[in-house]
Amino acid sequence: MLDIQRIRQDPDGIKIGMKAKGENETGLVDLVLDTDDQWRKTVHKLDQLRNESNTRAKQIGVLMGQGRKEEAQKVIRETGEMKQEVKQLEEQVRELQKKRDDLLLKIPNMADGSVPVTQDPSGNEAVHTWGTPAHEKDSWHKPHWDLVSGGGWIDFERGAKVTAAGFPFYIGPAARLQRALIQFFIDQAVENGYVEMMAPFFVNEQSARGTGQIPDKEDMMYVIPRDGYFAIPTAEVPVTNFHRDEVLRTDALPFRYVCYTPCWRREAGSHGSDVRGLNRLHQFDKVELVKLVRPETSYDELESLRRDAEKLLEALELPYRTLLMGTADMGFTQSKKYDLEVWSPGQKKWLEVSSCSNFEDYQARRMMIRHKKEDGKTEIVHTLNGSGLALPRVMAAFLETHQQQDGSVVIPEALQPWIRTDKLEL
C-alpha cells in the first residue's frame, strides 16, 4: 500500500497517478483522507484523555495521605469513568485505522517517472530486441499444438478428461524437456547469486494480501475454502512473504531468491486463440526470481533482474523483445515493469514469457518488511520479482523455433548438459 503521508502531502498527484493506471475511482483518495482525519482527531482526543486520567490517578494517593477520603473517592469514580471512555476511544481508533487501511489497499501503486503514460497497450515501448524471428516464408513451422499432438508429447484431451481444459499432461520427451528447462533456469539463477528456495504451494489470506493478490486478483485464484488457503498463482506470493513482519539487517541486503513452483490461475475471461495449446493454462510451471533490496538500489536491481531473465532466452536461442510497459498495461501493484516476449514462428506472434517488476515499498509496507539502517532507524525495503522463466510459452516457442522439417527438435548447446542430448525425436 502507499504511505499515508504521501497521500496527505499530494492527494491530487495520487489521483493523477490512479487515472494514468486506468483506475478512475479517485474518490477513494478523499475517503482515505477523511477517515485519516477522523483517526488523527480520535487519537489526539485519546491521548488527552489518557494524560488527564493519569494525572487524576496520581492525585488519589496524595488525597488519601492527607486524609481527604471523600475527595479521593470522587477522583476514583471519575478516573473509572475516564478508563471506560478510554476503552471506547481505543476501539474507535482501531476501527478507523482498519477502515483507512482497507481503503488504502484499493489504491494502486504509483508508476515511476520513467514509465510512459499510456491509454492502452499500444503505448508500450520496445526497449531491447535480440535475435532474428523466423520469417513468414518458413511456412513449415508448425504451431506447437500440431507438433506435440502428432508425437504424443503433450496430451491436452486427457488432461481435460482428468481435470479440465488448461491442465495438460506432459509425456516422454516433453516431460524431459520441461524438467531440464526448470533445472537449467534454477542453476543459472544460483550462478547469478540467487539463493534457491522451495516454498509452500498454498498460502493464507494474509500472504495473498501482502503481495497484492487481494483485493485486486481474487477472481484469478483457486481457493481451498475448507481451510481458507489459496493455491499460489506464482511463487512471488510465498517467497516475498517469507520475511513478513521482520526487521532485516541492512548489511544482509539484498536478498535474492529463486524458486520453482507449479502455479494455478483461473484466468477468468480468457478465450480464443490466446488459450490454445500452451498459451494460457490453469496449472503451469514457473521459476521465479524475487529480490528484497534497499530503496536506493531498487532500480539498478530491476535492470539486473531483467538481464538475468533475458540471458536465459539468449542461451535458449529464442528471439525476443523487451517491452517497457506503459501505465495502462503495467498492473495494480507495480511501479515499473518490463515484459519479455519471445517470437512464436508457428503462431507468428509474440508470446509473453516473463514480467520483471519493481514494486518499490508497496508490497513491503503491507507486509511490514523493514531494515535497520546505520543510524538505527528502520525503513521499508523495496521488493522486486520476475519470471525466470514461465515454462508454458517458453516451451511453445522453443518447440516451434527449434523444430526441424522432419518433426524433431534440436536442443541448443547451452541446454544440452541438462537434457543430455542434442535432439528430441518424434
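**Group meeting: sheets, helices and rings in a predicted model**

Okay, let's start in the sheet: strands β13, residues 349–358, and β16, residues 382–390, run antiparallel and are joined by three bridges. One register point to hang on to there is Ser357, which stands opposite Asn385 in β16. Before I go on, a reminder that this is a predicted model.

So which sheet are we in, and what is the strand order? It's an open sheet of eight strands, and reading across you get β1-β11-β12-β13-β16-β10-β9-β4, with mixed pairing. At the edges you have β1 and β4, the latter being 195–197, and each has a single partner strand, so one side of each is left without a neighbour in the sheet. As for twist, neighbouring strands are turned by 25 degrees against each other on average, ignoring direction.

Now the helices on that sheet. Helix α11, residues 298–315, packs on it and touches β1, β9 (255–264), β10 (283–293), β11, β12, β13 and β16. The direction of α11 makes about 5 degrees with that of β16. Then there's helix α13, residues 391–402, lying across β10, β12, β13 and β16. How is α13 oriented to β16? The angle there is about 35 degrees.

Let me zoom in on β11. Four of the five residues in β11 are buried, so call that strand mostly covered. On one pairing, β11 goes with strand β1, residues 125–130, antiparallel over five bridges, and Glu125 sits opposite Leu324 of β11. On another, β11 goes with β12, again antiparallel and over five bridges. If you want a residue pair for that one, Tyr320 has Val342 in β12 as its bridge partner.

There's a three-stranded open sheet as well, ordered β8-β14-β15, mixed pairing again. Its edge strands are β8 (247–249) and β15 (378–380), each pairing on one side only. The twist in this one averages 40 degrees from one strand to the next. Inside it, β8 and strand β14, residues 370–372, are parallel, with three bridges between them, and Val247 stands opposite Arg370 in β14.

Right, on to rings, for those of you who like geometry. How many aromatic pairs does the structure hold? Ten. I'll pick out a couple. Phe184 and Phe185 make a tilted pair, 6.0 Å centre to centre with 55 degrees between the planes. Both Phe184 and Phe185 are buried. Those two also belong to an aromatic cluster together with Trp418.

The other pair I want to show is Phe332 with Tyr362, edge-to-face, at 6.5 Å between centres and 75 degrees between planes. Phe332 is in the loop between β11 (320–324) and β12 (336–344), while Tyr362 is in helix α12, residues 362–367, so the pair ties together parts that are 30 residues apart in sequence. Are those residues buried or exposed? Phe332 comes out at a relative accessible area of 10%, so it's buried. Tyr362 is at 1%, so that one is buried too.

While we're on rings, have a look at the arginines over them. Arg100 lies over the face of Trp39, 4.5 Å from the ring centre. Arg306 does the equivalent with Tyr338, at 4.8 Å from the ring centre.

Next, a loop residue: Ala235, sitting between β7 (229–231) and α10 (236–241). Why does Ala235 count as buried? Because its relative accessibility is 1%, and the cut-off for buried is under 20%. Leaving out residues up to four places away in sequence, Ala235 touches Cys259, Thr261, Cys263 and Glu288. You can also compare Ala235 with Phe202: 33 residues apart in sequence, and 9.8 Å C-alpha to C-alpha.

Last stop, towards the start of the chain. Which residues of helix α2, residues 11–20, are buried? Ile14, Lys15, Gly17, Met18 and Ala20. And what do they pack against? The answer is α1 (4–9) and α3 (27–65). Following α2 there's Gly22, and if you're checking backbone torsions, its phi is positive, near 80 degrees.

That's my tour. Happy to pull any of these up on the screen.

How values were computed. Residues are numbered from 1 along each chain as its sequence is written. This is a predicted model: local features need pLDDT of at least 70, side-chain atom pairs count only at pLDDT 80 or more; totals for chains, interfaces and linings use all residues. Side-chain values use heavy atoms; hydrogens and water are left out. Buried means under 20% relative accessible area, exposed over 50%, partly exposed in between (1.4 Å probe, protein chains only). Helices (H or I, at least four residues) and strands (E, at least two) are DSSP runs, numbered from the N terminus. Contact means heavy atoms within 4.5 Å. Rings of Phe, Tyr and Trp (its six-membered ring) pair if their centres lie within 6.5 Å; planes under 30 degrees apart count as stacked, over 60 as edge-to-face and the rest as tilted. A charge sits over a ring if NZ of Lys or CZ of Arg is within 6 Å of the ring centre and within 35 degrees of the ring normal. Two strands pair if DSSP finds at least two bridges between them. Axes are lines fitted to C-alpha atoms, for helices over the stretch in contact, and angles run from 0 to 180 degrees between N-to-C directions.
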